[in-house]
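Q: Please take a close look at one part of this structure, the aromatic rings and the charges placed over them. I am new to it, so a connected account would help.

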Amino acid sequence: TYLLLFTMLFPANAQFAKKTYIIQMDKSAMPKAFPNHLEWYSSKVKSALSTSPEADMDNEERIIYTYQNAFHGVAAKLTEGEAKKLEAEEGVVAIFPDTKYELHTTRSPIFLGLEPAKSTNMWSEKLASHDVIVGVLDTGIWPESESFKDVGMRPVPAHWKGACEIGTGFTKSHCNKKVVGARVFYHGYEAAIGRINEQKEYKSPRDQDGHGTHTAATVGGSPVHGANLLGYANGTARGMAPGARIAAYKVCWVGGCFSSDIVSAIDKAVADGVNVL
């Protein structure tokens, strides 16, 4: 009897289960009746919500991100039925389910076509020392690393509009003329995985894993003289563009990296003024 009851109830409740979807909107299709795009996006999402009390009994905020620079639209928590209904609405270009990605490491200079040994490539000393701001989407940054010293660097370019967000183990003083900005993105992660355990990882730009710090140093680390491995291979460690600035966007956590967080970081990075991602 109990097994039969469970079998009957489960499909009914499953239709109200919510997942995060990225909704791409046609910005130019906004009716004149709306004062701004955010209100239009919100109206579209609300129009697709189920009226069933079971579907929204917690009265939670459905929209977790808005995108308005590199991408136009929102990330919202919807049931599968609500997503299908919204997809048919005028002005909605496409809807993508939030996707989890895992970290990977490869030989970056070769992958980017920047291997100095090749004669026909993009690499040059001008590129290596050019004053650009590189946005790094990864696990954050460990700012005390010698690779992020700003000795001798010029003032931060005037076009930079980014911020140094504070949090566990990270203050505004951890940014300088080398690490010009640091932000965190986790709403998509928490919607899928649950709240971040702050006893096990930093809910801040600080790098718990080391991957983001390594990546940032690879692309733009300042020269570190006397670098070695247990006394071997002594020399100078430097990034591919040692004169570049770093803006760290933490989008990857213990449980992975979610596309809704990644899109939000890209959108914010463009608004901040990064030159390269």
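A: In this predicted model, the charged end of lysine 203 sits over the ring of tyrosine 186, at 4.5 Å from the ring centre. Tyrosine 186 is itself a member of one aromatic cluster, which is formed by Tyr186, Tyr189, Trp253 and Phe258. Within that cluster, tyrosine 189 and tryptophan 253 make a pair whose ring centres are 6.3 Å apart, and because their planes meet at 40 degrees the pair is tilted. This pair links distant parts of the chain, since tyrosine 189 belongs to helix α6 and tryptophan 253 to strand β11 (residues 252-253), 64 residues apart. Both tyrosine 189 and tryptophan 253 are buried.

A second charge over a ring is that of arginine 206, whose charged end lies over the ring of tryptophan 142, 4.2 Å from its centre. The structure holds eight aromatic pairs in total, and one of them joins tryptophan 142 to tyrosine 202 in an edge-to-face arrangement, with 6.4 Å from centre to centre and 65 degrees between the planes. Here too distant parts of the chain are linked, for tryptophan 142 is in the loop between β6 (133-138) and β7 (179-184), while tyrosine 202 is in the loop between α6 (187-193) and α7 (211-220), 60 residues apart. Tryptophan 142 has a relative accessible area of 36% and therefore counts as partly exposed, and tyrosine 202, with a relative accessible area of 24%, is likewise partly exposed.

Definitions and conventions
Residues numbered from 1 in each chain as written. Predicted model: local features only at pLDDT ≥ 70, side-chain atom pairs only at ≥ 80, totals over all residues. Heavy atoms only, no water. Phe/Tyr/Trp six-rings, centres within 6.5 Å; stacked < 30°, edge-to-face > 60°. Helix = DSSP H or I, 4+ residues; strand = E, 2+ residues; numbered from the N terminus. Buried < 20%, exposed > 50% of the residue type's maximum accessible area, 1.4 Å probe, protein only. Lys NZ or Arg CZ within 6 Å of the ring centre and 35° of its normal.
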